[in-house]
Every structure is written in C-alpha cells, then in structure tokens.
Amino acid sequence: MAQHKVNYTQNAGLPVALTTIDKVVNWGRSNSIWALTYGLACCGIEMMASGASRYDFDRYGTIFRASPRQADVMIVAGTLTKKHAEFIKRLYDQMTEPRWVISMGSCANTGGMFNTYATVQGVDRIIPVDLYLPGCAPRPETLQYGVMLLQKKIRAEKAIKSQKTKRLM
Amino acid sequence: MRAYTPKDDVQAKAYYTDRFYVSPQVAKQDVSSDEVFAADLEAIKAKFEVLEAYIQVEQMVVYINAKDNVDVIKLVKEELDYTQLSEMSAIDWIAKSGQFEIFYQMLSMGKRKRIRIKCFIGKDEAINSVEKLFRSADWSEREMYDMFGIEVNNHPFLKRILMPYDWEGYPLLKTYPLEGDEFAAWYEVDKIYGKEARDIIGPEIRDTARVDRYDSERFGRLGHEVPKGTKITGNEPKTPLAYQEEGGVFMIDRFDEEKSVIITDRNR
C-alpha cells in the first residue's frame with residue numbers, strides 16, 4: 001500500500017490546495033488543447049514538425065486529433081482555396097464549444113502570396129480567428145509560442161460561464 | 001546598363017501587366033534536317049493534310065486540321081511508336097484570331113524523340129476526345145474544359161476538375177482577371193453565408209502592399225498588444241515577453257526570463 005507523505009506543517013497543516021473553480025477548469029482546458037489536424041499546405045509540414053519529437057507538442061498536452069468532434073482548437077495551416085472554404089466551415093461547426101482557431105502563416109492570415117481568383121483572402125472571412133501567426137511558413141517555435149498565447153487567453157476566460165459564442169457575423 | 005524603374009510602389013503594382021504579350025520564338029529548323037522526324041512527317045503526310053511542320057528545340061511541331069486529331073494521334077501512336085501522351089492542353093489566341101490552339105505533346109521511348117501535334121479550333125467549336133487512345137487525356141481534357149471552356153466530344157466524364165463544380169467562368173482565358181471576377185470574389189461568402197452577408201463580411205483586401213500598423217482587428221501588434229477593437233493612439237506601452245500571466249498558474253511555475261539560463265556551450 002502506498003504511503004502518502006503529507007507535510008502537516010505546510011499549508012496551515014492541511015493537505016489541501018485552495019483555488020477557484022474557474023482556475024481548475026481553465027487549468028484543465030488550457031493544458032490539454034487538442035488540435036484538429038488541418039494541414040492544408042506547406043505550413044502543415046511545420047505543424048507536423050511541432051508535433052514530432054524534437055519540438056514535442058505533447059508537453060503542452062496538445063495532441064492532434066483527426067476528428068473535429070474531439071478537437072478544441074483548429075490550427076488552419078496553409079492556403080485555403082475557395083473550393084475548400086465550405087468544408088472548413090463545416091468542420092468548424094462540428095467542433096464542440098469551447099473552441100478556438102489559430103490561423104497559421106501568411107496564406108491563412110491574408111491569402112499571402114496567392115493574390116488570385118482561387119484563394120480565400122484570409123481565413124477570417126469564413127470563421128472567427130483567435131490568433132494569427134505570421135510567417136511563411138512559421139517555425140515550430142512560433143506555433144509553440146502561439147499555443148502558449150492561446151493558453152494564456154483561455155486562462156483569462158470565465159470558465160464556469162458558458163463561452164460567448166463566437167460568430168463571424 | 002539596365003534602365004532604372006521606380007520601385008516605390010513595386011509591391012502595389014502588378015509585376016507583369018500585358019496579358020496578351022507574346023514571347024519571342026526560338027529559331028525554327030526545317031524538318032529535313034533530322035531524318036527520323038522527316039520519315040515521321042512523310043508517314044503523316046501520306047494520309048492526312050499537314051498545314052505546317054518544323055523543328056524547334058529538337059522537337060518536331062506538326063500542325064494538322066482539328067477534325068483529324070484522333071486519327072493522326074492514332075497513327076502516330078500505333079505506327080510511329082510515339083507511345084506516350086505526356087501533356088495536352090490549349091492556348092488562348094481569341095484576341096488575335098478568335099481561335100484556340102490545342103496541342104498534344106507526344107514522347108517515343110524507343111526513338112527517344114518528342115513531337116507536338118497542334119491544331120486550331122474556333123471559339124465555340126468542340127474537339128474530339130483522344131481518351132480512347134490515351135487514358136492520360138481523360139484528366140487533361142477535363143482540365144482543358146475547366147480552364148478554357150473547350151468542350152470535348154466523346155469524353156466519358158466531362159466535368160470540372162480543379163475548380164468547384166458550381167464555378168462560373170474559365171480562369172485560364174486571357175480575358176479572365178487574375179484576381180477573379182465578381183463571382184470569384186464573392187464565391188465563398190455567397191456559398192456559405194448567402195448574398196446578404198456581403199455587406200457584413202466586406203470585400204476582399206487585395207492590396208498586397210497595404211500595411212496598417214494600427215489595425216487591432218486582424219493582427220496582434222507584437223510587443224504592443226492591445227485587446228481587439230481598442231482605439232489605437234500609437235503610444236501603447238511595450239509589453240514584456242512573458243509566456244504566462246502574472247501570478248502564475250495553478251501547479252505550473254512561471255517562466256522567468258531573468259532566472260533562465262542561456263546555454264551557449266554546445267558541448268558542456
């Protein structure tokens with residue numbers, strides 16, 4: 001049987017840590033941000049590198065999921081074409097709330113170098129975006145910093161209230 | 001010395017504007033200068049009318065009548081050993097002569113030669129499919145239909161291949177604007193949210209040189225971040241680099257830049 005060593009001289013003699021429900025819920029949410037696998041172009045390679053062993057996204061509790069129903073954050077990594085725009089909206093709608101969106105790289109932010117008829121000029125024309133990462137393509141460090149900023153944003157939210165539904169319009 | 005061009009607005013302006021520009025041609029040689037090509041051309045000429053033929057960059061170019069295209073390619077494939085159709089598509093000459101030029105790029109692995117069969121069709125004419133001879137023509141002809149609007153007779157599944165099925169317009173026509181017509185500009189908004197959402201979402205921002213330092217809606221200003229929608233005065237205090245909020249997080253230590261150690265010795 002395990003022996004639990006409790007230091008009764010600390011924390012007013014109680015093996016208890018006091019906190020608020022908000023903090024506990026936000027602690028859980030912000031440290032297990034499951035991301036939807038959404039590599040659309042070359043930014044997807046950097047996103048995969050962030051998930052692989054060198055940069056190791058698992059340390060943050062960020063695990064890539066192949067289903068929108070299990071994902072908390074959609075990392076839009078790459079060029080969004082107009083043909084694909086309706087599917088990104090459909091996948092976003094399938095994600096359960098609370099949900100967040102990271103727009104990764106120039107193409108997802110503004111259309112980037114693809115100033116053409118076939119490219120959506122910024123994914124924020126289709127879905128509401130929480131965080132924009134600059135770069136072409138952003139390094140894995142940028143994505144990690146972005147995820148840490150998103151954690152910061154999640155921790156600042158009121159967890160016990162229902163999340164204000166984000167709508168583009 | 002190269003002529004000086006002002007570069008102040010080089011990003012705002014299109015790099016290249018004349019879409020009807022025709023590049024200068026490489027020198028053409030007579031077909032008789034290559035005996036393999038000369039024999040091939042004789043075999044084609046024996047059965048079909050050849051409008052023009054020459055050698056350019058070690059490849060023979062043969063112009064034929066558009067109605068002969070399937071028969072010529074069948075002959076070239078079965079009797080002259082050009083067993084691969086490596087590429088086919090069209091060129092838009094509507095502004096010049098009201099015609100499309102259709103080309104078939106063929107490769108012979110045995111002879112180690114390439115020839116190009118070309119023909120012209122009018123703007124509203126259709127071309128016969130070579131899909132029965134070369135399966136690779138299936139998608140190429142669909143792409144030709146998608147990009148130029150050229151209809152192909154006897155094609156098993158003539159449908160758009162790159163653009164969405166409900167797309168309007170043919171993007172590779174010289175008259176099609178690079179940044180899209182009105183249908184293209186509003187395509188995704190109309191399809192997902194409906195036409196009434198155009199006013200709310202707004203037009204696309206197409207100016208690649210546009211930089212708005214005080215835009216707090218679209219980009220966080222790194223180091224000077226403000227909440228979304230805040231009025232920017234330009235005197236925002238610099239936010240220090242921090243990975244976690246003040247006071248730290250339950251059970252997690254806060255990153256402290258002062259206390260952190262930067263490792264410079266790789267072999268320590």
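In this predicted model, chain A has a secondary structure of 5 helices and 5 strands. Following the sequence of chain A from its start, these elements come in the pattern α-β-α-β-β-α-β-α-β-α. Chain A has 169 residues, and 44% of them are buried. Its contacts reach far along the sequence: taking the pairs in chain A that are at least 6 residues apart, 78% join residues at least 24 apart.

The sheet can be followed in chain B. There, 5 strands make an open sheet with mixed pairing, and their order across the sheet is 1-2-5-4-3. Strand 1 (50–56) and strand 3 (84–93) of chain B are the edge strands, each of them paired on one side only. On average, neighbouring strands of this sheet are turned by 20° against each other, with direction ignored. Helix 2 (residues 69–78) of chain B packs on the sheet, where it touches strand 2 (59–64), strand 4 and strand 5 (113–122) of chain B. The direction of helix 2 makes about 15° with that of strand 4 of chain B.

At one edge, strand 3 of chain B is joined to strand 4 (residues 99–108) of chain B by 9 bridges, and the two pair in the antiparallel sense. One of the residues involved is E87(B), whose bridge partner in strand 4 of chain B is Q105(B). A further helix, helix 4 (residues 137–148) of chain B, lies across strand 3 and strand 4 of chain B and runs at about 10° to strand 3 of chain B.

Q105(B) deserves a closer look. This residue belongs to strand 4 of chain B. Q105(B) counts as buried because its relative accessible area is 9%, under the limit of 20%. Its side chain makes a polar contact of 2.9 Å with the side chain of Q59(B). Beyond its neighbours within four places in sequence, Q105(B) is in contact with Q59(B), Q84(B), L85(B), S86(B), E87(B), R114(B), I115(B) and R116(B).

The next residue to consider is M106(B), which is among those with the most contacts inside the largest nonpolar core, a set of 45 residues. The others named with M106(B) are V76(B), I102(B), Y104(B), I127(B), M144(B) and I150(B). At least two residues of this core come from each of helix 1 (35–47), strand 1, strand 2, helix 2, strand 3, strand 4, strand 5 and helix 4 of chain B. Residues up to four places away in sequence aside, M106(B) touches I73(B), V76(B), Y82(B), Q84(B), L85(B), S86(B), K113(B), R114(B), I115(B), I117(B) and F134(B). Another core, of 19 residues, lies apart from the largest one and includes A35(A), V73(A), W100(A) and I102(A).

The cysteines remain. How many disulfides are there over all chains? The count comes to 0. C42(A) is in no disulfide, and the nearest cysteine sulfur, in C43(A), is 5.6 Å away. C42(A) is exposed, with a relative accessible area of 55%. C107(A), by contrast, is buried, at a relative accessible area of 13%. The closest cysteine sulfur to that of C107(A) is in C136(A), and because the two are 5.8 Å apart, they are too far for a bond. A disulfide would need the sulfur atoms to be within 2.5 Å.

Notes: Residues are numbered from 1 along each chain as its sequence is written. Chains are lettered from A and ligands numbered from 1 in the order in which they are written. This is a predicted model: local features need pLDDT of at least 70, side-chain atom pairs count only at pLDDT 80 or more; totals for chains, interfaces and linings use all residues. Side-chain values use heavy atoms; hydrogens and water are left out. Buried means under 20% relative accessible area, exposed over 50%, partly exposed in between (1.4 Å probe, protein chains only). Two strands pair if DSSP finds at least two bridges between them. Helices (H or I, at least four residues) and strands (E, at least two) are DSSP runs, numbered from the N terminus. Axes are lines fitted to C-alpha atoms, for helices over the stretch in contact, and angles run from 0 to 180 degrees between N-to-C directions. Contact means heavy atoms within 4.5 Å. A polar contact is a pair of N or O atoms within 3.5 Å; within protein, one must be able to donate a hydrogen and the other to accept it, and residues adjacent in sequence count only if both atoms are side-chain atoms. A nonpolar core is a set of buried Ala, Val, Leu, Ile, Met, Phe, Trp, Tyr and Cys residues joined through side-chain atoms within 4.5 Å.
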